[in-house]
Amino acid sequence: MWSAQDSLVLKAMAIVLSDYLAPALSRRCFHIAGNGGAKGCVNAVSKRVENYRFVCRSDVNSYYATINHRILTKQLRDLIPCETVLNLLSRMLERLDDVYGVYHHADIGITKGNPISPLLGAVYLQILDKELGQYCKDHDLFYGRFMDDWVILCKTRNQLRTGVRIMNRVLEKVEMTKHPYKTFIGRIKDSGFDFLGYRIGNKFKKGLSIAWTTWANHQGKLRQLYEQGVSETDIGQYVKRWKRWVRSGVEGIDRWDEDCGSGCFMGVY
């Protein structure tokens, strides 16, 4: 729990350091301000996927909770020459966790609600952007990352194997592991693959559609609203906002039945 003064300092640091560190961070890291965000990353993958046959899609298992303070501090020292700023960042990282009334000093993990956390997340996996991004650039492959989700598009199986080896080596350096259920390595299926909530088509079935998990989450939210007794008018407004969100910022998304956002779920309740 940050005090108002702490929150103000953290927000100011996030603004200043974002501008200062921007030249040192990869353009392939899409969640950095000005790099396109999640929708920009999805668009970039969708436009390039027809040129490739293999994909590696993965993310980190419990990303923010497994960031090692020692490794992060060393990375920050290589980028920031100001001891005052480094001292503030060090004080921000140090914390006590209350576990059933017993306090433990935490040397791993950063809080998600911290305004500077997205920037620190970009810095922590900068080595992945550098090594894997350079390999993909040298071999005309595609690499993109949003937060702790990344994708590699390859032309041959040998390129895919090499990319996976680089990825595993980097993750070992920063003491992180891949998420076991969100990692896919292999040939791009006829139905495409899911990434950041969208289903990205292959060279034969181009375009974007909504990933099944996105539909499932939407259905779960609708069920929750019905159970809470929310009026049909308010539920309809939620569905409109959701449709606007899934369409906005992406190009070539497939159309779906206009009533599907609400009507197709009515029968399951």
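**Exercise 1. State how much surface the chain exposes and which atoms supply 53% of it.**

Solution. The chain exposes about 15,000 Å². Carbon and sulfur atoms supply 53% of that area. Areas come from the Shrake-Rupley method with a 1.4 Å probe, and for residues only the protein chains shown count as cover. The model is predicted: local features need pLDDT of at least 70, side-chain atom pairs count only at pLDDT 80 or more, and totals for chains, interfaces and linings use all residues. Residues are numbered from 1 along each chain as its sequence is written, and side-chain values use heavy atoms, leaving out hydrogens and water.

**Exercise 2. Lay out the open sheet of four strands and find its edges.**

Solution. Start with the order: β4-β5-β1-β6, with antiparallel pairing. Strands (E, at least two residues) and helices (H or I, at least four) are DSSP runs numbered from the N terminus. Two strands pair if DSSP finds at least two bridges between them. Next, the edges: β4 (142-146) and β6 (184-187) each pair on one side only. Now zoom in on β4 and β5 (residues 149-154), which share five bridges. Gly-144 stands opposite Val-151 in β5. Last, the turn between neighbouring strands averages 10°, direction ignored. Angles run from 0 to 180 degrees between N-to-C directions, with axes fitted to C-alpha atoms, for helices over the stretch in contact.

**Exercise 3. Name the helix that lies across β1, β5 and β6, then trace its part in the largest nonpolar core.**

Solution. The helix is α7 (residues 157-173), running at about 15° to β1 (54-59). Contact means heavy atoms within 4.5 Å. The core holds 77 residues. Such a core is a set of buried Ala, Val, Leu, Ile, Met, Phe, Trp, Tyr and Cys residues joined through side-chain atoms within 4.5 Å. Buried means under 20% relative accessible area (1.4 Å probe, protein chains only). Ile-116, Trp-150, Leu-153 and Phe-193 touch the most other members. α7 gives the most to this core: six residues.

**Exercise 4. Describe the sheet of three strands and the helix across it.**

Solution. The order is β7-β8-β9, open and antiparallel. β7 (193-195) and β9 (208-210) are the edge strands. Twist averages 40° from one strand to the next. β8 (residues 198-200) and β9 pair over three bridges. Tyr-198 stands opposite Ile-210 in β9. Helix α2 (residues 37-48) lies across β7, β8 and β9, at about 20° to β8. Finish with Phe-193: beyond four places in sequence, its contacts include Val-45, Val-151, Leu-153 and Tyr-198.

Definitions and conventions: Buried means under 20% relative accessible area, exposed over 50%, partly exposed in between (1.4 Å probe, protein chains only).
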